[in-house]
Amino acid sequence: QVQLAESGGGLVQPGGSLQLSCTASGSISTVYALGWHRQAPGKRREEVAMITTGGAANYGNSVRGRFTISRDSAKTTVYLQMNRLESEDTAVYYCRYYSPRGMSYDEVWGQGTLVTVYS
């Protein structure tokens, strides 16, 4: 079983920056993607940024160019650097682990961390 530990989040003014981190531990596969989704009040959960074990990163359209996902050398901790934050970025951010397994997949979500962009 995989466990996810999130940190970061908090309050920030528009135009400011925050960094989130997520560390995966436990029975981690050799092929997986790790990253972030978010859910704003009254909206559906959406992908923010994910990075694969091969290093390929994918970003949601609304954050591309402002957010950057990176990882440590062990590939088990990912960082989400969020710059030029906007009020629309206010949401609960969830770390997500995804690993294909044959015709199925394993998926684990973190407990979520709140990011509030206020003026």
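Strands, as the word is used here, are DSSP runs of E at least two residues long, numbered from the N terminus. With that in hand, the loop that holds Lys75 can be placed between β7 (67-71) and β8 (77-82). The structure described here is a predicted model.

**The chain as a whole**

The chain contains zero helices and 11 strands, so the pattern along the sequence is written with β alone, as β-β-β-β-β-β-β-β-β-β-β. For 119 residues, a compact globule would be expected to have a radius of gyration near 14 Å, and the chain agrees with this because its own value is 14 Å. Taken along the principal axes, the C-alpha atoms fill a box of roughly 45 × 30 × 25 Å. Buried residues account for 39% of the 119 residues, while the accessible surface comes to about 6,300 Å², with 48% of it belonging to carbon and sulfur atoms. Among the contacts between residues at least 6 apart in sequence, 52% join residues that are at least 24 apart.

**A sheet of four strands**

An open sheet is built from four strands in the order β1-β3-β8-β7, and the pairing is antiparallel. Its edge strands are β1 and β7, each of which pairs on one side only. On average, and with direction ignored, neighbouring strands of this sheet are turned by 15 degrees against each other. The table lists pairings within this sheet, together with the pairing of β9 and β10, and gives one pair of facing residues for each.

| Strands | Bridges | Sense | Facing residues |
|---|---|---|---|
| β1 and β3 | seven bridges | antiparallel | Glu6 and Cys22 |
| β3 and β8 | six bridges | antiparallel | Gln19 and Gln81 |
| β7 and β8 | five bridges | antiparallel | Ser70 and Tyr79 |
| β9 and β10 | six bridges | antiparallel | Tyr97 and Val108 |

**The hairpin and the loops**

Strand β9 covers residues 91-101 and strand β10 covers residues 104-109. These two strands form a hairpin with two residues between them, and Gly102, which lies in the turn, has a positive phi of about 60 degrees. A positive phi also appears at Lys75, where the angle is about 65 degrees although the residue is not a glycine. Lys75 counts as partly exposed, because its relative accessibility of 34% falls between the limits of 20% for buried and 50% for exposed residues. Arg84, found in the loop between β8 and β9, is not a glycine either, and has a positive phi of about 50 degrees.

**The disulfide**

A disulfide is a covalent bond between the sulfur atoms of two cysteines. A search of the whole structure finds one disulfide, and this link joins Cys22 to Cys95 with an S to S distance of 1.9 Å. The pair connects distant parts of the chain, since Cys22 belongs to strand β3 and Cys95 to strand β9, and the two cysteines are 73 residues apart. The angle about the S-S bond is -85 degrees, and the link of Cys22 and Cys95 is left-handed. Cys22 is buried, because its relative accessible area is 0%, and Cys95 likewise counts as buried at 0% relative accessibility. Cys22 thus appears in two parts of this description, as the residue in β3 that stands opposite Glu6 and as a partner in the disulfide with Cys95.

Note on methods. Residues numbered from 1 in each chain as written. Predicted model: local features only at pLDDT ≥ 70, side-chain atom pairs only at ≥ 80, totals over all residues. Heavy atoms only, no water. Pairing = 2+ DSSP bridges. Buried < 20%, exposed > 50% of the residue type's maximum accessible area, 1.4 Å probe, protein only. Disulfide = S-S within 2.5 Å. Axes fitted to C-alpha atoms, helices over the stretch in contact; angles between N-to-C directions. Rg over C-alpha atoms; globule rule 2.2 N^0.38 Å. Contact = heavy atoms within 4.5 Å. Areas by Shrake-Rupley, 256 points an atom, 1.4 Å probe, with all protein chains shown as cover.
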